[in-house]
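Student: I would like a close look at a single part of this protein, the surroundings of its aromatic side chains. Could you take me through that part in one connected account?

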Amino acid sequence: MTLPFTYTPEQKRDTKARVIAGLMAGTPLTVICSADDMPNDDTVRDWASVDGDFERAIARAREAGFDKIALDALAIADDT
């Protein structure tokens, strides 16, 4: 069992920024959170449930990520 980790405000801010950047690139949250220095995806969801700004940022980042995935899919389809 993993012991809980307490993030400093700066670490939490930086971690949230990494989550948003990853989602904007089209990377699933579970993959982003699989890095050793990242919290698990449930922790990120918990943060979002109590931080409306972060929750909205996640939604916007996912929209951008979905567009990125769609563009990548179109490029692949055009190459075949």
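Tutor: In this predicted model, a good place to begin is Lys16, which lies over the face of Phe54, at 4.9 Å from the ring centre. Phe54 falls within helix 4 (residues 52-79), the element with the lowest mean pLDDT, 95, whereas helix 2 (residues 29-32) has the highest, 97; for the protein chain as a whole the mean pLDDT is 92, with 94% of residues at 70 or more.

Phe54 also belongs to the largest nonpolar core, a set of 15 residues in which Val19, Ile20, Leu23, Leu29, Val44, Phe54 and Ile58 touch the most other members. Helix 1, helix 2, helix 3 and helix 4 each give two or more residues to this core, and helix 4 supplies the largest share, four residues. Val44 shows how such contacts are made, for, leaving aside neighbours within four places in sequence, Val44 is in contact with Val19, Leu29, Cys33, Pro39, Phe54 and Ile58.

Turning to rings that meet one another, a search of the whole structure finds one aromatic pair. The rings of Tyr7 and Trp47 have centres 5.3 Å apart and planes at 90°, and because an angle over 60 degrees counts as edge-to-face, the pair is assigned to that class. Tyr7 lies in the segment before helix 1 (9-24) and Trp47 in helix 3 (residues 41-50), so the pair ties together parts that are 40 residues apart in sequence. Trp47 itself is buried, with a relative accessible area of 9%.

Technical notes:
Residues are numbered from 1 along each chain as its sequence is written. This is a predicted model: local features need pLDDT of at least 70, side-chain atom pairs count only at pLDDT 80 or more; totals for chains, interfaces and linings use all residues. Side-chain values use heavy atoms; hydrogens and water are left out. pLDDT is the predictor's confidence in each residue, from 0 to 100. Rings of Phe, Tyr and Trp (its six-membered ring) pair if their centres lie within 6.5 Å; planes under 30 degrees apart count as stacked, over 60 as edge-to-face and the rest as tilted. Buried means under 20% relative accessible area, exposed over 50%, partly exposed in between (1.4 Å probe, protein chains only). A charge sits over a ring if NZ of Lys or CZ of Arg is within 6 Å of the ring centre and within 35 degrees of the ring normal. A nonpolar core is a set of buried Ala, Val, Leu, Ile, Met, Phe, Trp, Tyr and Cys residues joined through side-chain atoms within 4.5 Å. Contact means heavy atoms within 4.5 Å.
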